[in-house]
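The following note sets out numbered points for discussion. Please read each point beside the coordinates.

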Amino acid sequence: MPDPTASDTRHMARALELARKGVYSTHPNPRVGCVIVRDGETVGEGWHMQAGGPHAEVHALRQAGTRARGATAYVTLEPCSHYGRTPPCAEALVEAGVARVVVAMQDPNPQVAGQGLERLRQAGIAVTCPLLAAEARALNPGFLKRMEHGQPYVRVKLAMSLDGRTAMASGESQWITGPAARSAVQRLRAQSSAVLTGADSVIADGARMTVRASELGLDAEATELATRRVPLRILIDGRLRVPLDAPFFQAGPALVVTCADATDHPEYLQAGHELLSLPGREGRVDLPALCGELARRGLNEVLVEAGASLAGAFARQGLVDEYQIFIAAKFMGSTARPLLDWPLAHLSESPQLQIIDMTAVGDDWRVIAVPTLAPQPATAPAKRV
């Protein structure tokens with residue numbers, strides 16, 4: 001296997017840059033980029049735009065044309081080897097006559113899982129893998145977790161004051177942070193497979209949980225991509241307390257997760273929504289069971305925007321992969337509500353987090369933190385299409 005060179009690293013970095021263009025639109029597929037280089041010149045570039053459309057390799061090969069023969073292809077994820085909604089990319093590279101393929105990382109999808117690389121080698125193509133694998137993994141945390149552990153990647157978005165409060169005692173919480181932070185949250189929603197909230201938030205705030213194009217803060221091309229696919233809106237309402245005339249339901253179809261018997265409530269289906277019944281106690285939905293179900297439905301990244309009770313439940317049960325915490329420069333006082341409903345008796349019980357980023361967002365700050373203990377594997381993975 002040829003060792004990677006400095007130019008290999010440079011071209012793979014460009015392929016990763018292209019892959020990031022799909023951050024809003026590729027669900028349920030991974031974000032993938034491809035660069036084709038011949039005699040030191042880039043002759044083709046491509047990235048996967050949306051499921052059912054051509055994969056990155058196909059876009060790049062079309063641009064390269066006959067210049068792909070004898071060239072090197074740089075791909076951020078192992079070329080697929082199976083027929084889904086599109087033909088296998090490994091075959092397309094073979095047919096194009098490329099001489100070498102450099103791959104950032106192997107695809108954990110069991111339908112691929114090394115078979116794409118093996119097909120290339122069988123055709124006499126030199127293969128280099130991995131290269132910039134950590135950067136490639138960071139592009140697709142949800143797809144990889146779904147494939148490797150049968151669970152979606154769960155982000156919890158929280159907004160708080162400097163004294164760690166999220167709402168006044170009355171429930172008032174709009175708006176803690178400023179316009180720039182709200183735009184950042186809109187972009188988080190747009191890149192997510194689903195946005196999940198709870199009955200308390202919908203009742204108290206009249207939340208819709210939609211993506212608002214005017215608040216994304218993106219250029220025209222990125223805004224079009226970010227609004228091309230609407231994230232699934234999920235409401236956890238164990239006792240079906242939210243009325244169907246609430247703003248949340250008027251904003252479009254939604255998945256309502258409850259402990260009630262779905263067959264007893266045909267009005268949700270009649271109104272264009274899906275009612276999913278899951279086991280639970282005292283009206284509280286079994287969240288691990290829900291996460292497994294969402295992965296089976298092909299959801300990669302789930303954004304939880306909820307109050308202290310539901311967000312705390314995700315945290316207590318070890319279901320959170322990443323916290324995005326927006327901090328406003330204000331105090332809300334000791335009677336205001338805490339960030340998470342998570343009672344701890346001793347300091348030694350405090351969950352440990354690693355802060356991976358801290359950035360000013362307008363007049364506010366955003367802290368991205370991850371639990372130091374990795375989540376445990378769950379059920380079987382799903383498919384790439």
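**Notes on the model**

1. Met-209 is placed in the loop between helix H8 (199–205) and H9. The structure is a predicted model, and this residue merits a check of its backbone. Phi of Met-209 is near 60°, a positive value in a residue other than glycine. Is Met-209 buried or exposed? Its relative accessible area is 8%, and because buried means under 20%, Met-209 counts as buried.

2. Arg-233 is in contact with Met-209. The arginine belongs to strand E9 (residues 232–236) and is buried, at a relative accessible area of 5%. Which residues does Arg-233 touch, leaving aside its neighbours within four places in sequence? Its contacts are Val-195, Arg-208, Met-209, Thr-210, Phe-248, Ala-251, Gly-252, Pro-253, Ala-254 and Leu-255. For one of these partners, Ala-254, a backbone distance is available: the C-alpha atoms of Arg-233 and Ala-254 are separated by 5.1 Å, although the two residues are 21 positions apart along the chain.

3. Phe-248, also among the contacts of Arg-233, leads to the aromatic residues. How many aromatic pairs does a search of the whole structure find? The search returns two. In one of them, the ring centres of Phe-248 and Phe-249 are 5.4 Å apart and the planes meet at 80°, so the pair is edge-to-face. Phe-248 has 0% relative accessibility and counts as buried; Phe-249 is buried as well, with a relative accessible area of 5%.

4. Phe-249 also pairs with Tyr-268, again edge-to-face, with 6.0 Å from centre to centre and 70° between the planes. This pair links distant parts of the chain, since Phe-249 is in helix H10 (residues 247–250) and Tyr-268 is in helix H11 (residues 266–270), 19 residues away. Tyr-268 counts as buried, at 4% relative accessibility. Ring pairs thus join Phe-248, Phe-249 and Tyr-268 into a cluster.

5. Helix H9 (residues 220–228) contains Thr-223. Thr-223 counts as buried, its relative accessibility being 16%. Not counting residues up to four places away in sequence, Thr-223 touches Ala-213, Leu-216 and Leu-218.

6. Two peptide bonds that precede proline should be inspected. The bond from His-27 to Pro-28 is cis, with omega near 0°, and Pro-28 sits in the loop between helix H1 (6–19) and strand E1 (33–38). Cys-129 and Pro-130 are likewise joined by a cis peptide bond, for which omega is about 5°. Pro-130 is in the loop between strand E5 (126–128) and helix H5 (133–139).

7. The loop between E5 and H5 also holds Leu-132. What is phi of Leu-132? The angle is near 55°, a positive value in a residue other than glycine. A cis peptide bond at Pro-130 and a positive phi at Leu-132 may therefore be reviewed together.

8. On the overall fold, the protein chain has 13 helices and 18 strands. How does the radius of gyration relate to that of a compact globule? For 385 residues such a globule would have a value near 21 Å, and the 23 Å of the protein chain agrees with this. Taken along the principal axes, the C-alpha atoms fill a box of roughly 70 × 45 × 45 Å.

9. Of the 385 residues, 51% count as buried. Among contacts in the protein chain with a separation of 6 or more, 71% are between residues 24 or more positions apart.

10. The protein chain exposes about 17,200 Å², of which carbon and sulfur atoms supply 52%. How many positive and negative side chains does the protein chain have? There are 39 positive and 40 negative side chains, and the centres of the two sets lie 2 Å apart.

Conventions: Residues numbered from 1 in each chain as written. Heavy atoms only, no water. Helix = DSSP H or I, 4+ residues; strand = E, 2+ residues; numbered from the N terminus. Rg over C-alpha atoms; globule rule 2.2 N^0.38 Å. Buried < 20%, exposed > 50% of the residue type's maximum accessible area, 1.4 Å probe, protein only. Contact = heavy atoms within 4.5 Å. Areas by Shrake-Rupley, 256 points an atom, 1.4 Å probe, with all protein chains shown as cover. Lys, Arg positive; Asp, Glu negative; His and termini not counted. Charge placed at Lys NZ, Arg CZ, Asp CG, Glu CD. Phe/Tyr/Trp six-rings, centres within 6.5 Å; stacked < 30°, edge-to-face > 60°.
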